[in-house]
Amino acid sequence: MTNKAGRSGSCILAGFALAAMLSCTTPSASAHEADRRVADANALATTDTASRPQPQSTRRSVARAEKGPYYVDFRARTAASWGHAFVWYGKTSEKAVEVAGLTPAGDTLAYVLGHITFVPSETGASYGDLDPEYLTASYRVYLNEADAKRVFAYIKELQASSPVWNAETVNCTGFIGDIAEFMGLKVPHRWQRPENFVNSLKEINGGRQMVRLSAK
């Protein structure tokens with residue numbers, strides 16, 4: 001997945017491409033921030049809005065039956081311009097959360113250069129990914145253990161095979177769109193604001209909360 005230029009094509013009008021390019025405008029986090037993979041329990045709890053005011057034992061049984069113990073949360077947040085799209089993923093019973101997204105590595109210069117060429121990327125947490133106050137959209141999907149292992153392995157593989165970022169052809173919405181596609185979800189067109197992309201992803205999939213992968 002080094003260069004996925006075929007997904008967008010170089011013939012896209014410059015004005016339209018520039019608008020789409022701005023999907024991932026925030027420069028990558030510092031090395032310290034990029035290494036962070038754990039959000040506190042409060043941040044994680046704010047996004048799990050599916051729980052209902054039921055007795056604790058009932059909530060647990062419903063969660064196991066309808067949701068599954070693992071999740072992938074497609075998220076969008078504010079940034080310097082049009083925002084950033086990324087995923088949280090992990091186990092519902094644990095505070096730890098993994099973060100995956102695609103951003104240009106380095107400072108503002110790398111971002112600017114990424115509009116005309118390919119630049120080195122980072123695929124972990126970037127500044128603001130763990131802060132709920134920047135959140136603009138979220139679509140959480142649950143998985144059983146077997147499917148979660150496959151999806152999580154794919155995310156790691158995608159991170160390892162995405163060494164470059166380009167605003168026009170290899171950007172954050174395309175990155176999380178690949179994850180959604182692997183999970184069997186319908187994927188909207190990727191040339192839109194991250195917030196709109198995540199909301200569209202939820203809408204075209206009918207807000208489904210449980211995903212079961214097809215057999216290998």
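In the predicted model, helix 6 (residues 145-160) lies across strand 1, strand 2, strand 3 and strand 6, and runs at about 40 degrees to strand 1. Helix 7 (172-182) lies across strand 1, strand 2 and strand 3, at about 35 degrees to strand 2.

The strands crossed by helix 6 belong to an open sheet of four strands in the order 3-2-1-6, with antiparallel pairing. Strand 3 and strand 6 are the edge strands, and each of them pairs on one side only. From one strand to the next, the twist averages 20 degrees. Strands of a sheet pair through backbone hydrogen bonds, in either the parallel or the antiparallel sense.

Within this sheet, strand 1 (70-77) and strand 2 (84-91) are joined by eight bridges and run antiparallel. Tyr70 stands opposite Lys91 in strand 2, and the bridge partner of Tyr71 in strand 2 is Gly90. The two strands form a hairpin with six residues between them, and Gly83 in the turn has a positive phi of about 105 degrees. On its other pairing, strand 2 meets strand 3 (residues 98-101) in the antiparallel sense over four bridges. Trp88 has Val99 of strand 3 as its bridge partner. Strand 2 and strand 3 likewise form a hairpin, with six residues between them. Seven of the eight residues of strand 2 are buried, so strand 2 is largely enclosed by the rest of the structure.

The packing between helices was examined next. The axes of helix 6 and helix 7 come within 10 Å and cross at roughly 150 degrees. Angles over 145 degrees count as roughly antiparallel, and helix 6 and helix 7 are therefore roughly antiparallel to each other. Helix 6 passes helix 7 in a right-handed crossing. On the side of helix 6, the contact is made by Arg150, Val151, Tyr154, Ile155, Leu158 and Gln159. Helix 7 contributes Phe175, Asp178, Ile179 and Phe182 to this contact.

Helix 7 also packs against helix 8 (residues 194-204), at an angle of about 15 degrees and with the axes 10 Å apart. That angle makes helix 7 roughly parallel to helix 8, and the crossing of these two helices is right-handed. The residues of helix 7 in the contact are Cys172, Thr173, Ile176, Gly177 and Ala180. Those of helix 8 are Pro194, Phe197, Val198 and Leu201.

The buried residues of helix 8 are Pro194, Phe197, Val198, Ser200 and Leu201. They cover an arc of only 165 degrees around the axis, which puts them on the same side of helix 8. The cover over these residues includes strand 1, strand 2, strand 6 (135-143) and helix 7. Helix 8 is thus described both by its contact with helix 7 and by a buried side whose cover includes strands of the four-stranded sheet.

Helix 8 is followed by Gly206, whose phi is positive, near 65 degrees. Gln209 is also placed in the segment after helix 8. Gln209 is partly exposed, with a relative accessible area of 36%. The C-alpha atoms of Gln209 and Leu143 are separated by 8.7 Å, with the two residues 66 apart along the chain.

A further open sheet consists of three strands in the order 4-5-7, with antiparallel pairing. Strand 4 (103-104) and strand 7 (164-165) stand at its edges, each with a single partner strand, so one side of each is left without a neighbour in the sheet. Strand 4 is joined to strand 5 (residues 119-122) by two bridges, and these strands run antiparallel. Thr103 stands opposite Glu122 in strand 5.

Notes:
Residues numbered from 1 in each chain as written. Predicted model: local features only at pLDDT ≥ 70, side-chain atom pairs only at ≥ 80, totals over all residues. Heavy atoms only, no water. Pairing = 2+ DSSP bridges. Buried < 20%, exposed > 50% of the residue type's maximum accessible area, 1.4 Å probe, protein only. Arc of directions from axis to C-beta. Contact = heavy atoms within 4.5 Å. Axes fitted to C-alpha atoms, helices over the stretch in contact; angles between N-to-C directions. Parallel < 35°, antiparallel > 145°, perpendicular 65-115°, else oblique. Left-handed = near helix turned anticlockwise from the far one by under 90°.
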